[in-house]
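Trainee: Got a minute to go through this one with me? I have the file open.
Mentor: Sure, put it up.

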Amino acid sequence: MEGGGLPQGFEATPNNLEPFWMPFTWNRRFKEQPKLITGADGMHYTTHDGREVLDGTAGLWCVNAGHNRRRIVEAVQQQVAQLDYAPTFQLGHPLTFQLANQLVQMAPQGAFDHVFFANSGSEAVDSALKIAMAYHRARGQGERRRFIGRERGYHGVGFGGISVGGITNNRRMFAELPGTDHMRHTFDLKEQAYSRGQPDWGAHLADDLERMCALHGAETIAGVIVEPVAGSTGVLLPPKGYLQRLREICDKHGILLIFDEVITGFGRLGSGFAAEYFGVTPDIITLAKGITNGVVPMGAVMVREGIYDSVMAGAERGGGTIEFFHGYTYTGHPLACAAGLATLEIYKEEELFQRAARLAPVWEDALHNLKGTRHIKDLRNLGLIAGIELESRPDAPGQRGYDAFTRAWEKGLLIRVTGDIIALSPPLILDEGHIDRIFQTLKETLEETD
Ligand code: PMP
């Protein structure tokens, strides 16, 4: 086990913890009772007080190949020693091209031919929305500027992402961009409770898109963005036939279909991408997280054949020295590319996606064995994802989830909670022993939670 212990000269006192404004965190509570991670290896984190915690969430859905992989560590070390940083505006370095080639080769249905790099899922989403607009404009349909997302969709925290996302707190706290609308989400407890895998009920919800086309005029809609499986808002699964139906409606109206695969990409469902798993080819795919195993931040957008060419052709007509007016200082950062290339090699050589597919039924059974455990209202799963919805305490919604998170942590298991829903997404290297331990610890946790 690597790590353990705090850096020399640093003590976890409230004063020392204060200046860091923590993201998506109950800051004041954390700083009174900090949970600090100081090392990681394989399936485990080490805490500052030297405890081992089983990683039930692959960090934040990203460490698909497990922690502290030598090959990735060495690739990044070698790269930083050779080329620490290079711009990719009107210049290039070889690794970006190599990684883009690899991604195109492994892309679903062989249908994607270009990759744009960003540094996070949020940036990938905003880039994807801009690409969709640029595509329509280049084809003389510049009036297509509207985007349709879904209730309870999560597409990161950029203004584009929160606008197409369907998270109430974003809506309450921040202004959103004009020109977005939202279909209903696909979850219905009455119809889908304890469904194993994809629910049978709910394909008709895709027809919300037809309503949006009628309401706004299909000719004003640039794209529809959905997570094939919504993760961050509590593991909401696509009903059988739902994504196929969305595809049909998009085709009918010339709307681009965007799959946000920031969570589902790189093996989470037991295939490279959810697009393959569901047999539906979108026009644009956003990626992040597992692309570098979480080691260096990176996001990416893969586009289907024709999109890049259209944008290039449109720009030719317009003249100028830049076809697509968008990019980041760190687009295709050498360290991220090095981490990405090493990560993809590991996925391939260790056949981790196949491993996830093999373990998915074991995972499903272990999850559904929790049925009847205290507080549980619903269990849902797909691939190596699980959602455990708890009855909320009427006096304090979210409190039970938070208590379960803290209690599980103390018992040596990392889970993720959104409100009163627990989400699990372990590294794909886990084995059956880890699965037993995750669900046994969870059972004990819930039995002891108020
Ligand atoms: N899209 C989806 C589907 C996500 O799950 C996330 C992160 N959980 C994002 C976008 C945003 O990614 P990031 O936090 O890297 O900006």
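Trainee: Which exposed residues does the face of helix 10 turned away from its buried side carry?
Mentor: Arg 211, Ala 214 and Leu 215. Keep in mind that this is a predicted model.

Trainee: And which residues of helix 10 are buried?
Mentor: Asp 208, Leu 209, Met 212 and Cys 213, in a helix that covers residues 208–216. Those four lie on the same side of helix 10, because they cover an arc of only 145 degrees around the axis.

Trainee: What do the buried residues of helix 10 pack against?
Mentor: Three strands and a helix: strand 5 (146–150), strand 6, strand 7 (221–226) and helix 11 (242–253).

Trainee: What is the phi of Gly 217, just after helix 10?
Mentor: Positive, at about 90 degrees.

Trainee: Switching to the sheet. What's the strand order?
Mentor: 4-10-9-8-7-5-6, an open sheet of seven strands with mixed pairing. Strand 4 (112–118) and strand 6 (180–183) are the edges; each has a single partner strand, so one side of each has no neighbour in the sheet. From one strand to the next, the twist averages 20 degrees.

Trainee: How many bridges join strand 9 to strand 10?
Mentor: Four, and the two strands run antiparallel, with strand 9 at residues 284–287 and strand 10 at 299–304. Within that pairing, Ile 284 is opposite Val 303 of strand 10.

Trainee: Which strands does helix 5 lie across?
Mentor: Strand 4 and strand 10. Helix 5 spans residues 94–106 and runs at about 130 degrees to strand 4.

Methods. Residues are numbered from 1 along each chain as its sequence is written. This is a predicted model: local features need pLDDT of at least 70, side-chain atom pairs count only at pLDDT 80 or more; totals for chains, interfaces and linings use all residues. Two strands pair if DSSP finds at least two bridges between them. Axes are lines fitted to C-alpha atoms, for helices over the stretch in contact, and angles run from 0 to 180 degrees between N-to-C directions. Two residues are in contact if their C-beta atoms, placed from the backbone, lie within 7 Å. A residue is buried if 20 or more other C-beta atoms lie within 10 Å of its own, exposed if 12 or fewer, and partly exposed in between; C-beta atoms are placed from the backbone. The arc is that of the directions from the helix axis to the C-beta atoms.
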